[in-house]
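Please open the model in your viewer and keep the selection tool at hand. The tour below proceeds from one selection to the next.

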Amino acid sequence: MSNDPLLQPYQLKHLTLKNRIMITSHEPAYPEDGMPKDRYRAYHVERAKAGVALTMTAGSASVSRDSPPVFNNVLAWKDEVVGWMSKLAQECHDEGCAVMIQLTHLGRRTRWDKGDWLPVISPGYEREPAHRAFPKKMEDWDIARVIEDYAEAAERMQAAGLDGIELEAYGHLMDQFWSPLTNDLEAPYGGDLDNRLRFGFDVLRAIRKRCGEEFIVGVRYTGDECLPGGTGREEGLAISHKLKDSGLVDFLNVVRGHIDTDPGLTDLIPIQGMAGAPHLDFAGEIRAATNFPTFHAAKIPDVATARHAIASGKLDMVGMTRAHMADPHLVRKLTQGREDDIRPCVGANYCLDRIYQGGMALCLHNPSTGREIEMPHAIAKAETPKRVTIVGAGPAGMEAARVAAERGHAVTVFEAADQPGGQIRLTALQERRREMSSIIAWRFEQCEKRGVSFRFNAFADEADVLDTAPDEVIIATGGLPHTEVLTGGNDLVVSAWDILSGDVKPGQNVLVYDDAGDHAGLQAADVISATGARVEIVTPDRAFAPEVMAMNLVPYMRALQTRDTTFTVTWRLRSVSRDGNQLRAVLGSDYGDVTRERQVDQVVVNHGTRPLDELYFALKPLSRNLGEVDYEALSTGVAQSVERNPGGGFRLFRIGDAVAARNTHAAIYDALRITRDL
Ligand SMILES: Cc1cc2nc3c(=O)[nH]c(=O)nc-3n(C[C@H](O)[C@H](O)[C@H](O)COP(=O)(O)O)c2cc1C
Ligand code: SF4
């Protein structure tokens, strides 16, 4: 047996967890009709099969009708949930993985215009900035009703055969009672700490009454809200002791901070560029003080840090949640001594940011996550090895190379630059986004292990491709910035890429015109303003950087606001002209016939890319499929079979931004879908 601390079993009451790695609760927004159906189950079973010891399902499964599913949460208040959860639990149990679920009432952390349009509730009138709903202050009958709802939901989960439950108490109803910032009630549910905790303990007692002493019940709670006037460190420690001493709870799952604002949420669940494992010591202190089973997760994406968390005795179970979204087979690779093969979580937070926009959680660089059924993680070996030639080593080309090599094909990759990476290489030049480079580095290592032949500094033309005598050709040449969007003065502007690459030095007084609204615009503004320059970001949209979602925006704002960057929305850059040694920028508006002028010394335009597609069109007439893709087959995970030109020597596919400007996930998904069946 391995002596790796991470792979030692852990005894939680009567339950033996086979190792120390867990997936903490997270709502991937996969439910259908509020139920954890096939997609949901397949997601958890994939990870159970690979060896994770405990999966805490759902995130914030809703115990009451007036806790509307703002993240498409599981509706634990419906009886039909029992059948679905029972199936999920059974299939995970078959793989030796324990299954629990997080139950909650969101309180004010939701919206009244979801679900049944019931008023949201809270023990006070304070609105949560993130969801903007003004809550109804709870009455006695609300309190009694919700306590019973918790107990009934717990009973349903017990009936479904789950190993236990966890109650959410950070930013949700339970700790809205705990925190003086959100609880305006009088005794017995408001006032001093014991009164504020009364609701939580009433819930726990009601659950014990229904589910008995044996059923495992834990609480995931904030041990320090890190907010003036909120539940502080000392109160957090007192709460920890009270939870333990109550005898009602079997484990503590500790977080630190608050989630009512985007910056608060981002400090609690740090993203790329932020410190790793920032709350591990804090969780360890609670464990040391209480000597009670302690779980914790927050940016512990790598095995070494996870191992340290367990070996040092800071935690009993370490959460590696996004790490498992990026690589569901993490534990299997660890047990097989293949740590190097683990696809790294790069903290891009595409997963989490998407659910705040009503989408389902997707991993930026693992498109099979959440698509376990139609786009399985495992790549099958091809029956007949082929010669596959790929042009371009950005994210799309590198994914195509990795997958084709896993299929057992002989793969050649041409790349014009002296190293792989494409747009990711540019993005990752900024220290804060350095982790993005692992998207490429991991693929490069996987390709090298499988003998992919890379030809760098090679701007491939038609003849170069034909020289490789390919069976399949994949064009992943990406795009180039398109800045010619003005009625005059297009020659006077530079692109965001010019700034990011360092090809153009930042000016002193700069207008960044961003109507792509993605990372490149904000990143350029960040880089320019860091030099001390004055920056104004102008966009025709009604919000700036709409493609940079909530948590990803936080580090930009922290940098840009301190540098006094100006944000100007709903204005469109019309033209630029010379004005002495300055530039005159004329702004117009889609809303009316109005103009404004700015005098600056540099104009940066971010307007996406246009495809680099010459090679594709040169090869198209020589190909068997004339470049055509069967979208039905592509979308349903079926092999391509279009044949238009029987005399053609190879099939030709175009992927990523070489087709149209999109994002990294789209590029990698294109590559996987085309290549996995070649
Ligand atoms: C898509 C997504 C949804 C999440 N939803 C919840 C949730 O509903 N309840 C919860 O307690 N934590 C939720 N989390 C937070 C995770 O449980 C975990 O604390 C966080 O991802 C940090 O751990 P990690 O760095 O290992 O990913 C969510 C995380 C993700 C990625
Ligand atoms: S999207 Fe980013 S943060 Fe989320 S799992 Fe994937 S790599 Fe990790």
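A polar contact is a pair of N or O atoms within 3.5 Å. The model shown here is predicted.

**First stop: the ligand.** Select ligand 1 and display its surroundings: 21 residues surround the ligand, and the closest are Thr24, Ser25, Ser60, Tyr170 and Lys299. Next, select Ser25, where a backbone N or O atom lies 2.5 Å from an oxygen atom of ligand 1. Then turn to the side chain of Tyr170, which has an N or O atom 2.6 Å from an oxygen atom of the ligand. Add Arg322 to the selection: an N or O atom in its side chain is 2.8 Å from an oxygen atom of ligand 1.

**Second stop: H13 and H22.** Select residues 395-406, helix H13, together with residues 664-675, helix H22; their axes are 8 Å apart and the packing angle is about 30 degrees. Angles under 35 degrees count as roughly parallel, and H13 and H22 are therefore roughly parallel to each other. Their crossing is right-handed. Show side chains to find the contact, in which the H13 residues include Val403 and the H22 residues include Leu672. The residues of this contact comprise nine nonpolar, two polar and one charged.

**Third stop: H13 and H15.** Keep H13 and add residues 437-449, helix H15; the two axes come within 9 Å and cross at roughly 30 degrees. H13 and H15 are therefore also roughly parallel to each other, and H13 passes H15 in a left-handed crossing. Among the residues that meet here are Met398 and Arg402 in H13, and Trp442 and Phe444 in H15. Seven nonpolar, one polar and three charged residues make up this contact.

Note on methods:
Residues are numbered from 1 along each chain as its sequence is written. Chains are lettered from A and ligands numbered from 1 in the order in which they are written. This is a predicted model: local features need pLDDT of at least 70, side-chain atom pairs count only at pLDDT 80 or more; totals for chains, interfaces and linings use all residues. Side-chain values use heavy atoms; hydrogens and water are left out. Axes are lines fitted to C-alpha atoms, for helices over the stretch in contact, and angles run from 0 to 180 degrees between N-to-C directions. Helices (H or I, at least four residues) and strands (E, at least two) are DSSP runs, numbered from the N terminus. Angles under 35 degrees count as roughly parallel, over 145 as roughly antiparallel, 65 to 115 as roughly perpendicular and the rest as oblique. A crossing is left-handed if the near helix is turned anticlockwise from the far one by less than a right angle, and right-handed if clockwise. Contact means heavy atoms within 4.5 Å. Ala, Val, Leu, Ile, Met, Phe, Trp, Tyr, Cys and Pro count as nonpolar, Asp, Glu, Lys and Arg as charged, and the others, Gly among them, as polar. A residue is near a molecule or strand if one of its heavy atoms lies within 4 Å of it. A polar contact is a pair of N or O atoms within 3.5 Å; within protein, one must be able to donate a hydrogen and the other to accept it, and residues adjacent in sequence count only if both atoms are side-chain atoms.
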